[in-house]
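Student: I am new to this structure and should be grateful for a close look at a single part of it. Please choose one helix and describe its surroundings, before turning briefly to other parts.

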Amino acid sequence: MGTDVGGTFTDLVVLRDGRPPRLFKSPTTPEDRSEGVVNALELAAASYGMGLAEFCASVEYFAHGTTAATNALIERKGAPTALLTTRGFADTMLIQRSMTSWVGMGAATGHYSTRRNPDQIVPRARIAEITERSYAAGEEIVPLDEEEVRATLRRLRADGVKALAVSFLWSFVNGAHESRVAEIVAEEWPEVYLTLSHEVAPVIGEYERSATTVVNSYLGPVIRDYVANLEGRLRSHGFTGDFSIMDSGGGVMRAEDAARRSASMLTSGPAGGVLASTALAARLGHRDVITSDMGGTSFDVGLIIDGEPLVERVSEVGDLHLAMPRIKVTAIGAGGGSIAAVDESGVLVVGPESAGSVPGPACYGRGGDRPTVTDADVVLGIIDPARFLGGRMPLDMSLAEKAIREHVADPLGLSVEDAAAGIRKVADNQMADLLRKVTVEQGHDPRDFVVYAYGGAGPTHAYAYTEAAGIATLVVPPTSTVHSAYGTVTSDRFRAVQTTEVHRTPPGAADPAAHLDAARITAAFDALAARCRADLDDDPRARLTRVAYLKFRRQSHELPLPVPDGPVTTDVLRALIADFRGAYERIYGAGTALLGAGVEIHTLRVEGRVKVTDVREGQYPGAADPDAALLGERDVHFPETGRVATRVFRGEGLGAGAAMRGPAILEFAGTTVVLGPSQSLLVDHHSNLVIDCKGEA
């Protein structure tokens, strides 16, 4: 069983050997997210004709994706945290990289007066300088002042601190001083949550390493309590199986490891969808894919390039740079619950504010009175208010019309239908812009990609944003409504370790690889591999892969490249440098790679995977003749045609080989799939909906 807790809905998928997955959605409960998980479990239990206790007792494996870490960081609801750092470096977290005006925004700052610092998660008064110092090579030059450490710990404890981060200069080369602090903490303050930088982020970059260490401690107690609460509820209902948590880097980790590695959960939920899409792309033979997840709150986009998800070594979350590799997911505030409004200049804007699950869109009838994208979909006839969530959650069209009239139509002098069409068009174009942006920034043409659409609202809007981005093929998987939850339960157990190993070639070298220490690089990879295997309990099934990050000398940004197994020889390094040159010129243009400038390898990384589940899924039922699933017709508003009579099908009734031309609506229990007037659709033998957005089929 896999779950994913989103901002609006909690998704759940159940796998049983030889049978197709069963999919469930329940509103998220913000005050206690475990309540929403239990509600989804009750839906699943009922579908199997079981009581909750009997159902939970039958579950062998439970995997969970969550936004708990992200929410706690963005809302600044972590534990009171203090930082111990090398004397003279107390302002590292405040200075950052002098990029605080645009971190995470992807654009240069405007006027200097608009610069801002993020809200600090560790106030300056709780950043303590400790007398100690090492050289860059690791030799101690100033001993650790242990009495100063003890006195500082007593002061911080009296100040109400609950979590402690330790980040000393050059500790990733020699972590002895940090380890000694940990021994003193065990004597003086054993109950405090502790993170050491050389354990959580052993890489160069004092700010990124410190920020990662601080965030890990800040979130640790929150995640520990969250996981304990959820696991406690599951166990109380009879669950006795294994429990895993989604890791942002590319797999799952044991629940007991989650609190220790809380910073690795910052994109826990979206990572599951990208991983599920990566596995699907391998089955379908798609090498380059844009993953698009539209839920109730956000629109999350990831990339699969040459069959592998795009991973970033340094990530940006909550206005901080973290040395925590993760699957790269770019998000904007465009979801089904995104609120539409007319701004002070008379322009229609959609998002980023969301109605969430409480009160939700106006049509939910839960007290929300502001119009959202979902309200527009109801007014336009795209969503049938009587069959939302398979009829379990009927919607009120009159409330949707009232909200759109008051907040959009009347201020703009439009009819309610035209205003609803405008809301949808703004949202769709925002999402199409993001598809173009994430591909172009990586040196790719979006038209060379296939789009995978999932999430509760993704299949409803994908036909429009895929076509607007100029992309020909759209795939909606059969698990689309709970695709991220599906990714959590089907992902491998994962661990990644990395280190900074600086290797440089001299400028102008005729054979740059000959100047690199191949034996030293091999030894570093071997040490990382040993750590990775140990973290995976020396499981003989573990599969390891190696990555090196290369750049030209004096550049800031690096490119990750795979390194083959076995000893790293000079010939291997020559091939690696050639791959680097090719990748660089694909992104920045032919002739831009100047090997004469010299090449640097700064970071080495090893990833390990162990397969957790091996469920053979059965075929979905359904007919090849679409007429067997026809429910009828209703008028639906499309931008190209206005209101037009549109056939409506029960999505679950369509089997392999079913084909049709648009316009059409396919209603599933958890989502609505829209086929545009000029588009065509084919159900493949895996039950994926493959849509030709160019209308050429």
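Tutor: The account below begins with one helix and then turns to a sheet, a core and a strand.

This is a predicted model, in which local features need pLDDT of at least 70 and side-chain atom pairs count only at pLDDT 80 or more, while totals for chains, interfaces and linings use all residues. Residues are numbered from 1 along each chain as its sequence is written, and side-chain values use heavy atoms, with hydrogens and water left out.

Helix 5 covers residues 146-158; helices (H or I, at least four residues) and strands (E, at least two) are DSSP runs, numbered from the N terminus. Its 13 residues reach 19 Å from the first C-alpha to the last, close to the 18 Å expected at 1.5 Å a residue, where the expected span is 1.5 Å times one less than the number of residues. At the N-terminal end, Asp145 acts as a cap, with a side-chain oxygen 3.3 Å from the backbone nitrogen of Glu147. Just after helix 5, Gly160 takes a positive phi of about 90°.

Within helix 5, the residues Glu148, Val149, Arg150, Thr152, Leu153 and Leu156 are buried, buried meaning under 20% relative accessible area with a 1.4 Å probe, protein chains only. The cover over these buried residues includes strand 5 (81-86), strand 6 (127-130), strand 9 (163-167) and helix 6 (176-188).

Elsewhere, 4 strands form an open sheet of mixed pairing, in the order 29-30-32-33; two strands pair if DSSP finds at least two bridges between them. Strand 29 (630-638) and strand 33 (672-675) are the edge strands, each pairing on one side only. Strand 29 pairs with strand 30 (residues 642-650) in the antiparallel sense over 8 bridges, and Val636 stands opposite Val644 in strand 30.

The largest nonpolar core has 71 residues, of which Phe299, Ile404, Ile423, Leu435, Tyr465 and Leu666 touch the most other members. Such a core is a set of buried Ala, Val, Leu, Ile, Met, Phe, Trp, Tyr and Cys residues joined through side-chain atoms within 4.5 Å. Helix 13 (residues 416-440) supplies the largest share of this core, 11 residues. Leaving aside neighbours within four places in sequence, Leu435 is in contact (heavy atoms within 4.5 Å) with residues including Ile290, Phe299, Val301 and Tyr465.

Finally, strand 25 (residues 493-504) has 10 of its 12 residues buried, so this strand is largely enclosed by the rest of the structure. Strand 25 runs antiparallel to strand 28 (residues 599-610), with 10 bridges joining them; Gln498 has Arg605 in strand 28 as its bridge partner.

Key:
Buried means under 20% relative accessible area, exposed over 50%, partly exposed in between (1.4 Å probe, protein chains only). A polar contact is a pair of N or O atoms within 3.5 Å; within protein, one must be able to donate a hydrogen and the other to accept it, and residues adjacent in sequence count only if both atoms are side-chain atoms.
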